[in-house]
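Here are my notes after a pass through the coordinates. I've kept them as numbered points so you can check each against the viewer.

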There are 2 protein chains.
Amino acid sequence: MEESNMTQRDPAAAVADGLSSWNDGAAKRALVEFITRVTEQGSPDFVPPLERIAVFDNDGTLWVEQPLYVQAFFVLDRISALAPQHPEWRETEPFASVLKGDLPAALAGGESAIVELVMATHAGMTTEEFEQVAVDWIATARHPLTGRLHTEMVYQPMLELLTCLRANGFTIWIASAGGIEFMRPWTERVYGIPRENVIGSSIKTKYELRDGRPVLVRLPELNFLGDKAGKPVGIQQHIGRRPIAAFGNSDGDFEMLEWVTSGAGLRIGLFVHHDDAVREFAYERGAVTGHFDRGLAEASGRGWIVVSMKRDWRKVFPG
Amino acid sequence: MEESNMTQRDPAAAVADGLSSWNDGAAKRALVEFITRVTEQGSPDFVPPLERIAVFDNDGTLWVEQPLYVQAFFVLDRISALAPQHPEWRETEPFASVLKGDLPAALAGGESAIVELVMATHAGMTTEEFEQVAVDWIATARHPLTGRLHTEMVYQPMLELLTCLRANGFTIWIASAGGIEFMRPWTERVYGIPRENVIGSSIKTKYELRDGRPVLVRLPELNFLGDKAGKPVGIQQHIGRRPIAAFGNSDGDFEMLEWVTSGAGLRIGLFVHHDDAVREFAYERGAVTGHFDRGLAEASGRGWIVVSMKRDWRKVFPG
């Protein structure tokens with residue numbers, strides 16, 4: 001195509017071309033229309049670049065969350081790795097069941113069991129030490145069903161959407177219930193999202209000197225839980241302005257979509273619906289992951305888009 | 001100057017030219033050398049743009065903090081403005097003393113009195129309502145001694161430093177003990193620092209629906225205190241990587257400078273020393289504001305720069 005044609009080309013067509021793994025349909029049309037309208041100079045829906053903020057959930061929205069959240073695999077692997085230093089775990093729940101590979105028994109203790117497992121694997125070290133552990137783990141950890149690296153189990157259509165939004169002046173943030181410091185070591189490489197644009201759950205840290213060297217020590221105490229109504233709270237804390245686009249896949253993202261799409265001006269809210277048992281998973285209620293009930297029931301009344309993985313995605317994974 | 005000369009020009013000279021309100025001297029030389037070395041391709045000290053992060057304290061570093069922190073003036077004005085809705089304040093400390101204009105008596109209650117005053121003026125409304133209050137106040141509030149707007153009582157040499165760092169690929173963050181939502185409404189306009197790059201103290205917020213409209217309600221409960229050892233904690237929480245440059249003016253910034261300058265590679269830490277009683281204020285110990293004892297004593301041993309306002313700044317305020 002000649003340059004003169006390029007520059008005069010329909011902007012919507014250029015956006016659509018960037019979303020080549022999306023089948024033509026209502027979801028793709030809505031995305032293209034939204035991006036075109038907020039970026040077109042002189043459009044009544046024009047949004048200046050500083051306000052072009054999009055927030056993405058991570059688990060189930062950018063990468064696979066079945067049969068377990070990736071961070072849960074991390075916890076289980078770390079319990080095994082740390083077990084030799086904790087002989088008492090062989091006799092203590094929930095650790096004993098984890099070490100026997102009996103996850104349902106380990107989780108029988110409910111939320112307090114999860115907190116114990118998380119704190120045993122995420123606290124008691126410096127931020128730099130934890131970063132190294134996370135970096136080493138993510139470099140080799142593989143999905144139990146496909147054998148691919150977790151960082152390859154990301155959704156190609158969503159990667160294209162990230163690229164397309166960035167090309168149109170958007171700043172992309174992650175707003176996840178996952179651990180902020182678990183995600184930061186790899187979001188830049190995998191999604192092109194720099195670590196300062198990651199919002200997530202966190203534990204408290206404490207500044208102290210160790211052998212005269214300052215460190216931040218990770219404490220076994222919750223600082224912030226970035227799920228459900230916590231998502232708008234985290235978004236305000238980190239960004240300080242209301243995004244204009246929100247992408248999720250479960251009721252854990254409901255309040256985020258509600259917050260984002262209730263602002264003034266043109267907004268978009270989108271759920272990925274996992275309805276593709278052949279190429280990925282089909283579920284509205286994961287065994288461990290969040291439900292997608294209210295969001296599915298209310299999306300159309302609220303003008304939110306529900307993406308059918310099966311129908312709307314030409315391709316699910318890269319490569 | 002011809003273009004060919006411009007492009008071949010000594011980069012250090014270009015940086016120095018941008019700092020025209022800085023007198024020639026050790027402080028300016030150190031700044032120019034640091035910026036030049038970390039930005040020069042092929043330099044052993046080269047830092048890629050994503051890692052070029054500079055953090056600035058606000059009160060006393062970017063704008064005047066005497067005779068009171070600006071946010072303290074805000075609190076006092078808000079107490080007066082809200083008093084008609086709180087007749088009980090006439091009889092209740094610390095409010096009664098504030099309304100009588102007797103600040104020392106109001107502060108006699110120590111930290112708990114300050115917390116009461118802050119919560120009475122910062123909590124109990126939505127984030128949007130608070131933003132509007134802050135925007136309206138900062139638009140007209142004036143410094144009691146000079147009659148200038150507080151936003152004009154910013155340091156011209158520091159504004160030039162912000163511009164110079166940005167021109168050299170740095171991302172600038174504020175790391176202040178002041179309220180994050182008190183600063184955000186005006187940092188973009190006054191400093192060119194967007195609201196997502198502001199770190200500060202905060203109170204908790206709660207997501208809820210009011211008449212079907214989602215809001216974030218500000219609760220009278222501390223969420224985060226961004227002073228002293230809290231500064232590195234807030235920096236890690238928001239940025240997730242260690243900055244390479246830190247600028248402060250009191251012992252409240254000590255840990256921030258320590259954290260930043262103890263990282264690997266070339267680093268810079270700088271204190272503004274308020275030693276200019278003629279053009280600004282001369283103090284190491286403010287009546288209400290923080291002390292500058294340890295920082296002043298240890299700066300030279302730690303390789304930190306102490307800027308003498310009197311000697312190093314050709315000009316203090318813009319205009």
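What share of the contacts in chain A with a separation of 6 or more comes from residues 24 or more positions apart?

1. That share is 64%. Keep in mind throughout that this is a predicted model.

2. On overall shape, chain A has a radius of gyration of 21 Å. A compact globule with 319 residues would come out near 20 Å, so the value agrees with that picture. If you want box dimensions, the C-alpha trace of chain A spans about 70 × 50 × 40 Å along its principal axes. The secondary structure of chain A comes to 14 helices and seven strands.

3. Next, surface and charge. Of the 319 residues in chain A, 55% count as buried. Chain A exposes about 13500 Å², with carbon and sulfur atoms supplying 53% of that area. There are 32 positive and 43 negative side chains in chain A, and the centres of the two sets are 2 Å apart.

4. Helix H7 of chain A makes a handy geometry check. It covers residues 110-122, and its 13 residues should span 18 Å at 1.5 Å a residue. The end C-alpha atoms are 18 Å apart, so the helix agrees with expectation. Just after H7(A), A:Gly124 has a positive phi of about 80°.

5. Which residues of H7(A) are buried? They are A:Ala113, A:Leu117, A:Met119, A:Thr121 and A:His122. Their cover includes the helices H4 (70-82), H5 (95-99), H6 (103-107) and H8 (127-140) of chain A, along with strands S3 (198-210) and S4 (213-224).

6. Now for H7 in chain B, again residues 110-122. This helix has 13 residues and reaches 18 Å from its first C-alpha to its last, close to the 18 Å expected at 1.5 Å a residue. Buried here are B:Ala113, B:Leu117, B:Met119, B:Thr121 and B:His122. What covers them includes H4, H5, H6 (103-107), H8 (127-140), S3 (198-210) and S4 of chain B. B:Gly124, just after H7(B), takes a positive phi of about 80°.

7. If your setup script tidies up peptide bonds, look at the prolines. A:Glu93 and A:Pro94 are joined by a cis peptide bond, with omega about 5°. A:Pro94 sits in the loop between H4 and H5 of chain A. In chain B, a cis peptide bond joins B:Glu93 and B:Pro94, with omega about 0°. B:Pro94 is in the loop between helix H4 (70-82) and helix H5 (95-99) of chain B.

8. Two backbone angles are worth a look. A:Asp211 is not a glycine, yet its phi is positive, about 50°. This residue is in the loop between S3 and S4 of chain A. Is A:Asp211 buried or exposed? Its relative accessibility is 85%, and exposed means over 50%, so A:Asp211 counts as exposed. The other angle belongs to B:Lys228, a residue other than glycine with a positive phi near 50°. B:Lys228 lies in the loop between strand S4 (213-224) and helix H11 (230-238) of chain B. Its relative accessible area is 45%, so B:Lys228 is partly exposed.

9. For a residue on the inside, try A:Ile172, which lies in strand S2 (residues 171-179) of chain A. Its relative accessible area is 4%, so A:Ile172 is buried. Leaving aside neighbours within four places in sequence, A:Ile172 is in contact with A:Ala54, A:Phe56, A:Leu162, A:Leu165, A:Arg166, A:Ile193 and A:Asn197. A:Val198 is 26 residues from A:Ile172 in sequence, and their C-alpha atoms are 9.0 Å apart in space.

10. Last, A:Arg279, which lies in the loop between strand S6 (268-273) and helix H13 (294-302) of chain A. With a relative accessible area of 30%, A:Arg279 is partly exposed. Which residues does A:Arg279 contact, leaving aside its neighbours within four places in sequence? They are A:Met309, A:Lys310, A:Trp313, A:Arg314, A:Lys315, A:Val316 and A:Phe317. For A:Val316, the separation from A:Arg279 is 37 residues in sequence and 7.0 Å in space, C-alpha to C-alpha.

Key: Residues numbered from 1 in each chain as written. Chains lettered and ligands numbered in written order. Heavy atoms only, no water. Helix = DSSP H or I, 4+ residues; strand = E, 2+ residues; numbered from the N terminus. Rg over C-alpha atoms; globule rule 2.2 N^0.38 Å. Buried < 20%, exposed > 50% of the residue type's maximum accessible area, 1.4 Å probe, protein only. Contact = heavy atoms within 4.5 Å. Areas by Shrake-Rupley, 256 points an atom, 1.4 Å probe, with all protein chains shown as cover. Lys, Arg positive; Asp, Glu negative; His and termini not counted. Charge placed at Lys NZ, Arg CZ, Asp CG, Glu CD. Expected span 1.5 Å × (residues − 1).
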